[in-house]
Amino acid sequence: MTATKKSASARATSKTAGLADSSADSSADVPADLSAEPQGAQRYAAPALEKGLDILEALAASPAGYTLAELAQKIGRSVSEIFRMAVTLQRRGFVQVDENDRYSLTLKMFELAHRQQPLKSLVSVALPLLRELANRARQSCHLAVYQGGRVVVIAQVDSPERWSFGLKVGVMMGLTDTSSGHVLLAFRDEVERTRMLAAHIKVEGELESDPGELFSILADVRKDGCACMASRQIRGITNVAFPVMGVGNHVIAAINVPHIERIDQKESPSIAQVQDIVGNVAKRLSTLMGYSGYLPEQA
């Protein structure tokens with residue numbers, strides 16, 4: 001072998017070794033548990049993103065918010081670890097800080113969610129029907145969807161009466177102790193229902209639900225086609241909830257009327273009459289959202 005060939009061979013060997021070293025260094029940067037994951041699984045971690053998501057999830061579960069020290073303790077990190085992330089989230093408008101230095105969520109995530117075309121379309125189609133429902137039933141009503149282990153109100157219309165009881169848009173409700181949650185669970189298949197319950201996140205004040213009792217309630221809801229139950233949060237309220245079905249015959253939302261009974265001389269629709277009204281509106285909205293399960297004369 002000539003000197004020139006030897007030199008070229010040495011350079012090639014050196015380059016190959018360098019690539020091998022670089023590859024080894026890169027592998028060393030990947031945590032062992034991630035590098036050992038099978039093909040198709042998540043391969044790389046994003047620690048900064050993880051911290052940000054931890055903060056958002058913790059604040060979403062706390063109506064009163066947290067100080068930075070409380071927040072750090074809640075998510076199992078130090079204040080110095082999350083300080084810059086919290087400041088960045090505040091600067092970007094996702095969190096706010098009050099005069100007591102307590103961090104809480106703004107409505108920015110809710111606003112972003114509403115930019116999704118399916119949700120935006122559902123609300124825009126539903127609102128005229130919800131107004132009709134409120135006027136016919138003389139009660140407030142709201143539209144709720146399942147989101148991240150909880151039930152979220154995405155539209156609401158007040159009663160035309162002098163007083164009303166309603167839930168604010170954006171409020172989160174329990175999945176297992178509300179009529180809306182029961183409807184959203186009852187009309188899913190078993191696999192999807194199991195996934196929803198596994199992802200369940202309790203809201204403040206949410207009551208414990210016995211699994212056997214819950215499945216019995218859901219069976220009754222499926223049989224009746226709706227949920228009609230005394231509120232487990234507010235005394236004197238009877239909730240009437242119906243499913244809104246969509247394309248593929250999947251439940252996409254729940255329409256709920258928190259019925260308040262009048263005891264003066266003013267006549268108003270009974271719970272049975274309200275149930276008929278809500279059922280009618282739910283069927284019409286379902287048809288508009290692409291559900292094919294109702295015959296035209298039933299709508």
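What follows is a conversation about how some features of this predicted model got their labels.

Colleague: What makes strand 7 and strand 8 a pair?

Modeller: Two strands pair if DSSP finds at least two bridges between them. Four bridges join strand 7 (residues 227-230) to strand 8 (residues 237-245), so they meet the definition of a pair. They run antiparallel, and Met229 has Asn239 as its bridge partner in strand 8. Six residues lie between the two strands of this hairpin, and in the turn Gly236 has a positive phi of about 90°.

Colleague: Which side chains of strand 7 are buried?

Modeller: Ala227 and Met229, which point to one face. Buried means under 20% relative accessible area. Cys228 and Ala230 point to the other face and are not buried.

Colleague: Why are strand 1 and strand 2 called edge strands?

Modeller: Each of them pairs on one side only. They belong to an open sheet of three strands in the order 1-3-2, with antiparallel pairing. Strand 2 is joined to strand 3 (residues 102-105) by three bridges, and at least two are needed for a pair. One example is Val97, whose bridge partner in strand 3 is Tyr103.

Colleague: What lies across strand 2 and strand 3?

Modeller: Helix 5 (residues 79-91) does, running at about 100° to strand 2. Helix 3 (residues 47-60) lies across strand 1, strand 2 and strand 3, at about 90° to strand 3.

Colleague: How do you know that helix 11 has close to its expected reach?

Modeller: The expected span is 1.5 Å times one less than the number of residues. For the 18 residues of helix 11 (residues 271-288) that is 26 Å, and the helix reaches 26 Å from its first C-alpha to its last. Just after helix 11, Gly290 takes a positive phi of about 100°.

Colleague: Which residues touch the most other members of the largest nonpolar core?

Modeller: Leu130, Leu133, Leu143, Ile255, Val278 and Leu285, out of 28 residues. Among the elements that give two or more residues to this core are strand 8, strand 9 (251-260) and helix 11, while helix 7 gives the most, with eight. Another core, of 20 residues, lies apart from it and includes Ala144, Tyr146, Leu184 and Val221.

Colleague: What does Ile255 touch?

Modeller: Its contacts include Leu130, Leu133, Leu143, Val240, Val278, Val281, Ala282 and Leu285, leaving aside residues up to four places away in sequence. Val278, Val281, Ala282 and Leu285 are among the buried residues of helix 11.

Methods:
Residues numbered from 1 in each chain as written. Predicted model: local features only at pLDDT ≥ 70, side-chain atom pairs only at ≥ 80, totals over all residues. Heavy atoms only, no water. Buried < 20%, exposed > 50% of the residue type's maximum accessible area, 1.4 Å probe, protein only. Core = buried A, V, L, I, M, F, W, Y, C linked by side-chain atoms within 4.5 Å. Contact = heavy atoms within 4.5 Å. Axes fitted to C-alpha atoms, helices over the stretch in contact; angles between N-to-C directions.
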